[in-house]
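Subject: Structure handover

Hello,

Here is the structure I promised you. Please open it alongside this email, and my notes follow below.

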Amino acid sequence: MPRLPRTPIIRGLARDCDCNPPRPHGGIHGYDYHACGCEPCLKGATRYKKIGTHLNATGRTRRRAAEPVRRRLELLKERGLTVRQIADESGMSFTNLHLILRAEQPTVTERTAVAVMSVKVPSRRAAA
Ligand SMILES: [Zn+2]
Ligand SMILES: [Zn+2]
């Protein structure tokens, strides 16, 4: 799922998620990745941003531990995916994934964690 470069979000214009697996409208994903302007996605995005603002205001972040994400990346590589393929699948940058693999950062953003963890792990047979 290559990230769409700054597609304008048009209120009322829905854009379906074509990711694998597809994600429903109403979360930050549709708004953020597909520039979906449907009512649920706009509401979801507003809610997402509100929570982020609240977390920042109270000194917390949405960041998550990098280790489980790193382990997932290792597993995906073991099963035959290249970092480039994982980057394309997850919509994350190649560099970002590399930094995680090199264990150079203790935490990752929630968006990165969710994107990497949702990349489908190929079965052993497919990799062989
Ligand atoms: Zn999507
Ligand atoms: Zn939507």
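The expected span of a helix is 1.5 Å times one less than its number of residues. Keep that in mind for helix α3. Note also that this is a predicted model.

**Helix α3**

Helix α3 runs over residues 67-78, which is 12 residues. From first C-alpha to last, α3 reaches 16 Å. That is close to the 16 Å expected at 1.5 Å a residue.

Which residues of α3 are buried? They are Val69, Arg70, Leu73 and Leu76. These residues cover an arc of only 120° around the axis, so they sit on the same side of α3. Their packing partners are β1 (64-65), α4 (83-90), α5 (94-101), β2 (107-108) and α6 (110-117). Just after α3 comes Gly80, with a positive phi of about 105°.

**Zinc ion (ligand 1)**

Two cysteines and two histidines supply the protein donors here: Cys17 (SG), Cys19 (SG), His29 (NE2) and His34 (NE2). They lie 1.9 to 2.2 Å from the zinc ion (ligand 1). Along the chain, the donor spacing reads C-x1-C-x9-H-x4-H.

The four donor atoms subtend angles of 105 to 114° around the zinc ion (ligand 1), so the arrangement is tetrahedral. For reference, the ideal angle for four tetrahedral donors is 109.5 degrees.

Are the two histidines buried or exposed? His29 counts as buried, because its relative accessibility is 8%. His34 counts as buried too, at 6%. The cut-off for buried is under 20%.

**Zinc ion (ligand 2)**

The zinc ion (ligand 2) is held by one histidine and three cysteines: His25 (ND1), Cys36 (SG), Cys38 (SG) and Cys41 (SG). The distances are 1.9 to 2.3 Å. The donors follow the spacing H-x10-C-x1-C-x2-C along the chain.

Which parts of the chain does the pair His25 and Cys38 tie together? His25 lies in the segment before α1 (28-34), and Cys38 lies in the loop between α1 and α2 (39-57). The pair therefore ties together parts that are 13 residues apart in sequence.

Around the zinc ion (ligand 2), the four donor atoms subtend angles of 106 to 116°, which makes this arrangement tetrahedral. His25 counts as partly exposed, because its relative accessibility is 34%. Cys38 is buried, with a relative accessible area of 10%.

Best wishes

How values were computed:
Residues are numbered from 1 along each chain as its sequence is written. Chains are lettered from A and ligands numbered from 1 in the order in which they are written. This is a predicted model: local features need pLDDT of at least 70, side-chain atom pairs count only at pLDDT 80 or more; totals for chains, interfaces and linings use all residues. Side-chain values use heavy atoms; hydrogens and water are left out. Donors are N, O and S atoms within 2.8 Å of the metal (3.2 Å for Na, K and Ca); water is not among the atoms, so sites may look incomplete. Four donors count as tetrahedral if all angles lie between 85 and 135 degrees; four count as square planar and six as octahedral if opposite donors are over 155 degrees apart and all others between 65 and 115; anything else is irregular. Buried means under 20% relative accessible area, exposed over 50%, partly exposed in between (1.4 Å probe, protein chains only). Helices (H or I, at least four residues) and strands (E, at least two) are DSSP runs, numbered from the N terminus. The arc is that of the directions from the helix axis to the C-beta atoms. Contact means heavy atoms within 4.5 Å.
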